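Reader: I'd like to learn how to read aromatic ring pairs. Could you walk me through some?

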Amino acid sequence: MFLLICLSAAESTHAAGSRSYALSVGKKDAKRLQAQHDFLREVSTAQLRRAGLRKGQIVCDMGCGVGVMTEYLAEIVGPEGRVYACDNSPEQLEEAKERIEKAGLHDRVTFLLCDACDASCFTGLQRKFDLVYARFFLMHVRDPQQAITIMQSLLKPGGVVVSAEPSHRTMYFKPDAPVLREIIAKSIAFGKSIGADYNIGDRSSALCKNAGLQVVDSIVESQLPFPIGFKNMQIWFPKAIAAGFITQKQAEEWRKQIKKYQNQGGTLYGAKLTYLIAKKGSV
């Protein structure tokens, strides 16, 4: 089956899950996500190699988005393996499905429309996973501890959760730019107001341990100049305006300040990222 819809929670899932996601979905954000993936590709694939990703495994891509990592996972597990790509957005899954079809990998991917915080979404699965992958996912879910606990339950004994999460509070600028630091602080506050945590990298290790997982690998990646970060700084504006958190006038002024800073050659250093591999104990 190419596309599996978890009907037990499909309708409520999308309505509830999307509230804590401040970004665009589907075609509107596909190019940005691809650019972000290109920037992070090397470190992300190196992490998966450390985690033991290999041919023949059964893998879950939790919060798969438009499928940029789903494609890589499917290539590695090969026709003997299987990738279950999960997201609570039909628009994201449609983009991911199109991507996988173009890559000729449709025979090894199953898509699930589901809420990672709702265990009932996964009750129909007849198999456990060797690896659950989640990049920039926990930061958007309303109950990350519940999500990690469910991931743990989906693993085979000895299976691993592989995660990468940011701490946006660590972002900085050269030369310093107080107005841009204000925008970052406001984005973190807006995320909190809708149930997201853009600093979740600070506590992702504790979340894994609380779920009964053993953290076997933890790397905090050094900060690097992050050109796409200037675009990332603005993508939450529309939902924040709609929610009354900021005004249209404020957003327009911030866009001008960001553009001015870029034109003057200013540099944004991206958030520190915590890369974790956490293992489920043997029974």
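Author: Sure! Keep in mind that this is a predicted model. Let's begin with a single residue: Tyr261 has a relative accessibility of 8%, so it counts as buried, the cut-off being under 20%.

Reader: What describes a pair of aromatic rings?

Author: Two things: the distance of the centres and the angle of the planes. Here, Tyr261 pairs with Phe230: the ring centres are 6.0 Å apart and the planes sit at 50°, so this pair is tilted.

Reader: Where do Phe230 and Tyr261 lie in the chain?

Author: Phe230 is in helix α8 (residues 229–232), while Tyr261 is in helix α10 (residues 248–263). The two are 31 residues apart, so their pair links distant parts of the chain. Phe230 is buried too, at 6% relative accessibility.

Reader: How many aromatic pairs does the structure hold?

Author: There are 10. Among them is Tyr172 with Tyr269: their centres are 4.7 Å apart and the planes are at 5°, so you'd call that pair stacked.

Reader: Which parts does the pair of Tyr172 and Tyr269 tie together?

Author: Two strands: Tyr172 lies in β7 (residues 172–174) and Tyr269 in β9 (residues 267–269), so the pair ties together parts 97 residues apart in sequence.

Reader: And is Tyr172 buried or partly exposed?

Author: Tyr172 is partly exposed, with a relative accessible area of 31%. Its partner Tyr269 is buried, at 17%.

Reader: Which residues do ring pairs link into a cluster?

Author: Phe190, Trp236, Phe237, Phe245 and Trp254. Try finding them in the viewer!

Definitions and conventions: Residues numbered from 1 in each chain as written. Predicted model: local features only at pLDDT ≥ 70, side-chain atom pairs only at ≥ 80, totals over all residues. Heavy atoms only, no water. Phe/Tyr/Trp six-rings, centres within 6.5 Å; stacked < 30°, edge-to-face > 60°. Helix = DSSP H or I, 4+ residues; strand = E, 2+ residues; numbered from the N terminus. Buried < 20%, exposed > 50% of the residue type's maximum accessible area, 1.4 Å probe, protein only.
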